Amino acid sequence: MNVPQLDLTRQYAAIEAEVEAAVRRVLRGGRFILGAEGEAFEAECRAALDVEHAIGVGSGSDALRLVLVALGIGPGDEVVTSAFSFVASATAILHVGARPVFADVDPATLALDPDRAAAAITGRTRALLPVHLYGLPAAMGPLRAVAEPHGLALLEDAAQAFGATLGGRAAGGLGTAAAFSFYPTKNLGACGDAGLVTTRDPDLAARLRRLRNHGQVQKYDHVELGWTSRLDELQAAILRVKLRHLEAWTAARRRIARRYAEGLGGLPLVLPSERPGARHVYHQYTVRTPRRDALAKHLADAGIGTACHYPQPIPGQPLFRSLGYDAAAYPTAWAAAQTVLSLPCFPELTDPEADAVVASIRAFFEGDPACESSSRA
């Protein structure tokens with residue numbers, strides 16, 4: 001049985017008529033930027049996330065960058081962020097002229113460790129930027145307790161966590177502001193690049209709306225230097241369709257995760273953890289094993305797709321090494337990069353396919369003498 005790590009064609013097949021109707025509606029209306037579809041999508045996101053303000057932008061990376069600019073963070077400032085994530089959480093800081101200060105991650109969740117973040121704060125720190133990695137909210141309560149005494153902004157990189165919750169509150173409403181990505185592979189994915197910033201602060205929201213559109217407050221009235229980063233009407237219309245299905249898709253992801261947890265229990269694998277009081281949305285179902293590469297090859301030989309998110313910590317990327325960062329200074333992030341493996345986990349994955357993944361992984365561990373020895377140790 002061939003099992004892809006992700007197959008977006010299955011999703012489209014299920015909602016093809018709805019998506020094409022939405023696209024036709026935009027094309028026939030003739031309004032493609034900052035129109036009714038974008039306004040409606042922003043309103044629907046406000047309701048879904050229980051936030052006062054939602055601002056559509058061109059990408060998740062733009063969302064991160066624009067919120068830093070809107071907060072006045074720039075040259076001479078520092079932002080403490082996770083050493084283990086996709087690179088955009090750190091490059092956004094560089095883009096505004098500030099310095100990323102990395103902190104190591106919690107061994108259980110691989111999210112920013114609050115104690116490590118606290119130790120990284122200096123007199124130049126302006127914000128903490130945790131990442132809701134793989135769809136699980138970071139430890140926002142302890143991080144808030146770190147940020148508030150220092151007067152720091154607490155920003156959420158929620159790119160992988162639309163629909164996740166912590167303590168009954170949605171990711172995106174847990175800090176000063178949050179950045180979402182709607183890259184096509186995300187749980188809520190566009191048919192191209194798209195992003196969103198959420199906040200409860202009306203002044204911050206107003207500045208974000210200016211910054212995404214050339215610093216404009218009304219047509220031909222530009223009050224500051226801005227950018228072109230607007231969520232276009234086609235993407236907004238498609239995302240509105242998908243948002244209606246997201247809760248069912250999230251339930252399917254969580255069902256697959258339970259099936260994996262039951263089927264893979266007892267093996268020498270570190271399985272994803274669910275933080276108490278949090279709802280994991282399983283953007284990725286990522287396991288850990290020192291034999292990651294051998295397991296990935298075994299699964300590939302069986303026709304099962306996997307992915308590595310991420311094969312090196314951000315400080316180990318060539319860009320950051322050239323700036324003097326040392327990945328070895330973050331041992332938990334470094335260890336994670338050597339062991340993480342993401343299994344197929346998307347809403348349309350069938351039970352037989354998930355069971356085939358489990359069976360193949362069990363065969364790998366149960367048939368390898370080295371793994372059997374490790375399991376007994």
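**Notebook: cavities and pockets**

I started with the closed spaces, and the largest cavity comes out at about 140 Å³. Note to self: this is a predicted model. I looked up who sits around that space: 15 residues line the largest cavity, and the closest to its centre are Thr109, Tyr134, Pro272, Ser273 and Thr286. I sorted the lining by class and got nine nonpolar residues, five polar and one charged.

How many cavities of 30 Å³ or more are there? I count three in the structure.

Next entry, the second largest cavity. I have about 80 Å³ of space down for this one. Its lining has 14 residues, with Leu8, Gln11, Lys186, Asn187 and Arg253 the closest to the centre. Which helix gives the most to this lining? I find α8, with three residues. Helix α8 covers 233-264, and together with α1 (8-29) I list it as supplying at least two lining residues. By class I wrote down six nonpolar, four polar and four charged.

Then I moved on to the open spaces. For the largest pocket I have a volume of about 470 Å³. I find 28 residues lining it, and Phe86, Gln160, Tyr183, Lys186 and Tyr310 are the closest to its centre. Lys186 caught my eye, being listed among the closest to the centre for this pocket and also for the second largest cavity. Which elements supply at least two residues each to the largest pocket? I have α3 (60-70), α4 (88-95) and β8 (177-181) on that list. The class tally for the pocket reads twelve nonpolar, twelve polar and four charged.

Last entry, the second largest pocket, at about 190 Å³. I wrote out its lining in full: Leu34, Gly35, Gly38, Glu39, Glu42, Gly56, Arg209, Arg212, Asn213, Leu231 and Glu233. What gives the most to this lining? I get helix α2, residues 36-49, with three residues. Among the lining residues I see Gly38, Glu39 and Glu42, whose numbers fall in the 36-49 stretch of α2. Sorting the lining by class, I get two nonpolar, four polar and five charged. The charged names I can pick out of the list are Glu39, Glu42, Arg209, Arg212 and Glu233.

Terms used: Residues are numbered from 1 along each chain as its sequence is written. This is a predicted model: local features need pLDDT of at least 70, side-chain atom pairs count only at pLDDT 80 or more; totals for chains, interfaces and linings use all residues. Side-chain values use heavy atoms; hydrogens and water are left out. On a 1 Å grid over the protein atoms alone, a cavity is a set of points where a 1.4 Å probe fits but cannot get out, and a pocket is an open set with protein on both sides within 12 Å along at least five of seven lines; lining residues have an atom within 4 Å of a point. Grid points are joined across faces, edges and corners, and a volume is the space filled by probe spheres set on the points. Helices (H or I, at least four residues) and strands (E, at least two) are DSSP runs, numbered from the N terminus.
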